[in-house]
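Got the viewer open? Let's take a short walk through this one, from the whole chain down to a single residue pair.

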Amino acid sequence: MPEGMQGRYVGLADEYARFWSPVIEPMGLRLLEMLPLGLAWRIVDIGCGTGNLISKIVAAAPNARYLGLDRAANILSAASKSGVPLVLADGCRLPLRNSSFDVAVMAFALFKFPSPLAGLTEAKRVLRPGGVLGITIWAGDTHVLPGDEIWEEVLVDVPRSPDESDRLEDLNEIEKLRGVLESAGITGSDIHSETFERTWTPESLFALKSELTHRARLVRLPVDEREKRLAQVRAYLAGMTPSSFIWRPSILFARAQVPSTV
Ligand SMILES: C[S@@+](CC[C@H](N)C(=O)[O-])C[C@H]1O[C@@H](n2cnc3c(N)ncnc32)[C@H](O)[C@@H]1O
């Protein structure tokens, strides 16, 4: 597989932008409030995605040159609508000079990296002394959505591809995230969690999971079998109580500053 084409959402940038970006956007915006964007001259957005946050970062940082970086070519192609400089690269091997950025943003990206430790080590390297790194990560298992259990049941015999794995389990508690930051030489981070709320509908959950999350697994089934299983999911979602559609994910926010003297 060519570099830059790994990951669950290969070929699904439009679906990602439509069904998932708006879900995580409020959490990303909250991270931006914690960062000194207004004072920054150079900002790197590592794992920038299709671009929901890009315009917000640019608006909050009128003096800054923004650079978006992602390892997925199709995602970057969708992000190119924003008209900002973008680079196709792995966050674990940044093609960027030492001490060249004031702020590094890693919104919902670090747990996707093959090595979060390498990603943090690289982020630290490209930040100038006094530069600030901002991270969001799902806390615990709150990324699990209402009704996920029925998808696991109907797709139990359709394995995920190996590239769908992530390292969330290594990062999804304050002390675990602090430990990896410290291993990368980033000490004194401010890490806390905040809880958000979103009310799903059977239709919005079905669209997200069938069009994006489980699309690669579903297309491996014969059409009639796929339709049978999708009907089972629809019936299950239709039978869930209204209160079970309320989702309250907790998010870890980390803000770390590279020491001013090195
Ligand atoms: C969940 S999306 C978040 C996108 C954006 N930061 C946001 O908050 O809307 C995670 C992004 O990280 C990218 N990504 C995953 N692993 C990466 C890596 N090793 N290097 C660079 N980007 C990576 C994915 O391609 C994807 O676009």
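Start with everything shown and look at how the chain holds together: 78% of the contacts with a separation of 6 or more are between residues 24 or more positions apart. Keep in mind that this is a predicted model.

Stay zoomed out for the overall dimensions. The C-alpha trace spans about 60 × 35 × 30 Å along its principal axes. The radius of gyration is 19 Å, which agrees with the value near 18 Å that a compact globule of 262 residues would have. Colour by burial next, and 37% of the 262 residues come up as buried.

Now switch to cartoon. You should be able to count nine helices and nine strands.

Next, pick out the open sheet. Seven strands make it up, in the order 3-2-1-4-5-9-6, and the pairing is mixed. Its edges are strand 3 (86-88) and strand 6 (190-195), each of which pairs on one side only. From one strand to its neighbour in this sheet, the turn averages 15°, ignoring direction.

Go to the strand 6 edge and add strand 9 (residues 250-257) to your selection. The two run antiparallel, with six bridges joining them. For a close-up, select Thr195 and look across to strand 9: its bridge partner there is Ser250.

Last stop: which strands does helix 1 lie across? Select residues 13-33 to get the helix, then show strand 4 (101-107), strand 5 (127-138), strand 6 and strand 9, since those are the ones it crosses. Line up your view along strand 5, and helix 1 runs at about 155° to that strand.

Methods. Residues numbered from 1 in each chain as written. Predicted model: local features only at pLDDT ≥ 70, side-chain atom pairs only at ≥ 80, totals over all residues. Helix = DSSP H or I, 4+ residues; strand = E, 2+ residues; numbered from the N terminus. Rg over C-alpha atoms; globule rule 2.2 N^0.38 Å. Buried ≥ 20, exposed ≤ 12 C-beta atoms within 10 Å, placed from the backbone. Contact = placed C-beta atoms within 7 Å. Pairing = 2+ DSSP bridges. Axes fitted to C-alpha atoms, helices over the stretch in contact; angles between N-to-C directions.
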